[in-house]
Structures are given as C-alpha cells and as structure tokens.
Amino acid sequence: MASTSMARNWAELPEELLQLCSQRLCPKNLLAFRAVCRSWQSAAVKERSDVPWLMLTNKRGMPWCEFFCLSCEQVHKKLFPEVMANGYISSRGWVLMTSRHGEFQVLKNPMSCYSHIIKLPNWNKFPNIEDLPFFYVGFICKFILSDSPTTSPDYKVMVIYDIGQLGLWKPGEEEWTAVNAPLDEFFDVIYYKGSFVAVDYEQRILRCDVDGPTPFEAQVVFQMPQRLQEFEHEYPSGSLWDLDQVYLVQSTTGSLLFVSQWEQLRSTITFRFRVLEIDLDTQTCTEVENLENTSLFLGHNSSFSLEVDEDHLIKPNCIYFTYFRLSLSQSSDTGMGIYHLKDGTVELHFKGKSSPSLWIEPCF
Ligand SMILES: [Zn+2]
C-alpha cells in the first residue's frame with residue numbers, strides 16, 4: 001500500500017541517485033533535468049554528451065536545425081544563430097556553416113548550451129581562387145579541427161576544398177594557405193597524433209606537420225599495397241562495386257584505420273565497407289574483421305570512433321555512415337545507414353532528398 005512516506009519531496013532525493021539518473025540522460029533531457037530545481041541542477045553531471053547526434057540538414061530557411069538523438073531516439077530541435085547558412089560540415093562537435101555568399105563560421109557544439117562562434121576567412125581568401133566564377137555549396141567538403149578552440153588558442157583548421165585540395169588556416173591569419181602535395185585530390189583528412197594525416201585518390205597516406213619546419217607540405221608516409229585496393233568478396237557474380245569514398249579514422253586504441261566505402265551500381269542503394277589498420281611505423285596494413293565494442297561514424301564530418309555499451313543504444317562492431325548520391329534520374333538521395341561488419345548487412349534510415357545529414361561528435 002502506498003504510504004505517505006512514498007510521497008517524498010523530489011528535491012530531497014539523494015544526490016548520488018540524482019547523479020546516477022542524470023548520467024543516463026541525453027544532452028537535451030539533461031538540460032531539462034537541470035532546470036527542475038536547484039538540488040537537481042547541482043547533482044546533475046556537468047556536460048553529459050558521449051553519444052553523437054545526427055544533424056538533419058533538410059529544413060532550409062528555418063531558424064532551427066533538427067537533430068536525431070541516438071540515445072533517446074527522438075528528433076530534437078535547436079535554434080541556430082546563423083539562419084542563412086546553406087551548408088554544414090562538422091569536426092569534433094563543432095559545426096562549420098557556409099553562407100550562400102561563401103562566408104564561413106564555426107559554431108561550438110550545438111549540443112552544449114553555450115554558443116561560441118569563430119569567423120574564418122571567406123572562400124575568396126583561398127589561393128588561386130580567381131579562376132572560379134562563383135561560390136558553390138560543396139566548395140568545402142571536409143573541415144578538421146586540430147584542437148578545441150575554447151581550450152587551445154593555437155588550434156589549426158584544415159579543409160579539403162574545391163576539387164580536393166588541402167587548405168590550412170591558423171587563428172589570426174587573414175587568408176587560407178594551400179598545402180603542397182604530389183596530388184591535389186584528397187578523399188579525407190584527420191588530425192592524428194599531432195599532425196594532419198590525409199589520404200589521396202591514389203590511396204596514399206600523407207602527413208602534414210603544421211608545427212614542423214615545413215607546415216605547408218604534405219609528405220607521403222604510406223602507400224596502400226595494390227592487392228589491398230581492390231574489393232574482393234564472395235558477392236553474386238556479375239555484381240559491380242564502385243569505390244565511393246575512403247575515410248581515415250583514429251580507433252579508440254589509437255591506431256590508424258583506412259575505411260573504404262563501396263556502392264553497388266544498381267537501382268537500389270547497397271553499401272559495403274572494408275576496414276584496414278595501418279601501422280605507419282612498421283609500414284604494414286592488416287584487415288580488420290571485428291571492431292569489437294567500438295563503432296565508427298563516417299560522413300560529412302571528421303570521422304571518429306566510439307566505444308559503445310548497452311546503455312548507449314549504439315550498436316557495437318558497426319559503421320554508422322551518412323550518404324549522398326545522385327541517382328540515375330539526377331535527383332539526390334541522402335540518408336544514414338548502419339553497416340554491420342559481422343555479416344555485411346546494412347540498415348538504411350532517414351532517406352531524404354536534400355542536403356546530406358552529418359554526425360555531431362560528442363563534446364570536445
Ligand atoms: Zn535525446
């Protein structure tokens with residue numbers, strides 16, 4: 001029977017209990033939790049966000065953005081300060097917004113309650129840009145932060161711009177600087193163990209040490225063996241697989257992963273992934289068949305890996321990816337998929353027709 005002792009004052013719940021509860025909330029609900037009363041506010045964990053959000057960038061002209069929250073499986077809306085942005089890319093929780101006129105602004109993690117905006121030089125501050133008649137939305141396809149701008153004033157920004165070149169910017173500079181490389185066509189770049197590390201269209205790994213004597217030079221540090229570049233698998237004979245994209249990811253144990261994304265040339269979309277671990281010291285490369293209790297997040301963001309557990313609602317040994325492709329009818333297909341490394345199956349979610357969605361990495 002319910003006794004009056006059950007009807008406790010919620011504000012007087014034990015602090016340890018409140019703390020445990022707050023640890024299990026998604027960022028959005030944690031904000032609501034903190035707003036209940038003073039004792040809940042002080043007991044709540046300070047900034048809980050170890051689950052990524054999927055930013056859905058289809059709503060043009062709206063003052064908010066929609067985020068699919070993997071932890072509570074709901075769509076959350078967040079007001080965005082820059083409503084005129086028409087392109088978004090993310091790196092380590094920060095979001096680069098591009099305006100239709102080629103202005104770039106970086107916004108601190110939209111999951112956090114603060115706003116912190118950094119203005120970057122415009123698109124016409126890239127070298128040799130005079131040949132380009134106008135700015136286009138996909139001008140920057142990758143944006144990488146070396147460190148968090150809030151805690152490291154000497155952070156650097158690397159981008160892949162225009163046809164696939166690397167561009168570097170440091171705070172205080174008024175222009176972007178091109179990074180010299182043997183081939184100016186890059187698939188991906190990450191910040192890895194103190195340097196920017198990139199992969200080019202010839203599947204070479206290059207390192208750019210922006211703190212060293214040649215900060216604007218990218219040197220080849222690994223060439224993928226030819227036999228590993230092809231996609232070999234026991235798929236129905238006659239099926240053609242096309243290399244879509246190559247990603248670099250730092251694993252949760254610190255190793256460098258080379259992930260190739262393949263798409264089958266058919267009317268329906270099917271994807272395959274292949275994960276290779278590269279050891280730059282021994283110059284070796286091995287196939288990864290099991291990511292164990294980690295999962296990778298790939299797309300229009302700086303790629304990242306996360307250790308997951310049952311509380312997360314994120315599946316282990318998976319590749320969470322966003323995709324964007326022009327279909328045969330020239331309309332675009334975008335969405336999010338989960339690739340299971342165990343058996344090669346794919347779950348496709350959030351099919352859309354507009355700009356690609358992107359992962360927002362937990363706080364950085
Ligand atoms: Zn949520």
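Four strands make an open sheet in this predicted model. Their order is E4-E5-E6-E7, and the pairing is antiparallel. Strand E4 covers residues 85-91 and strand E7 covers 117-120. Both stand at the edges with a single partner strand each, so one side of each has no neighbour in the sheet. On average, neighbouring strands here are turned by 25° against each other, direction ignored.

Look inside this sheet next. Strand E5 spans residues 94-99, and strand E6 spans residues 104-107. Four bridges join the two, which run antiparallel. Within this pair, Val95 stands opposite Leu107 in E6.

Strands of a sheet pair through backbone hydrogen bonds, either parallel or antiparallel. A second open sheet, again of four strands, uses antiparallel pairing. Read across, its order is E3-E2-E1-E25. Which strands stand at the edges? They are E3 (74-79) and E25 (358-360). Each has a single partner strand, so one side of each is left without a neighbour in the sheet. Neighbouring strands of this sheet are turned by 35° against each other on average, again with direction ignored.

The E1 and E25 pairing deserves a look. Strand E1 holds residues 53-56. Strand E1 and strand E25 pair in the antiparallel sense over three bridges. Trp53 stands opposite Ile360 in E25.

Now move to strands E16, E17 and E18. Strand E16 runs over residues 241-250, and strand E17 over residues 256-264. Nine bridges join them, in the antiparallel sense. Val246 has Ser260 in E17 as its bridge partner. The two strands form a hairpin, with five residues between them. In that turn, Gly254 has a positive phi of about 95°.

Strand E17 also pairs with strand E18, residues 271-279. Eight bridges link E17 and E18, and the two run antiparallel. Here the bridge partner of Gln261 is Phe273 in E18. Strand E17 thus carries bridges to E16 and to E18.

Finally, step back to the whole chain. How many helices and strands does the protein chain have? Its secondary structure comes to four helices and 25 strands. The chain has 364 residues, of which 34% count as buried. Consider contacts in the chain with a separation of 6 or more. Residues 24 or more positions apart account for 44% of them.

How values were computed:
Residues numbered from 1 in each chain as written. Predicted model: local features only at pLDDT ≥ 70, side-chain atom pairs only at ≥ 80, totals over all residues. Buried ≥ 20, exposed ≤ 12 C-beta atoms within 10 Å, placed from the backbone. Contact = placed C-beta atoms within 7 Å. Pairing = 2+ DSSP bridges. Axes fitted to C-alpha atoms, helices over the stretch in contact; angles between N-to-C directions.
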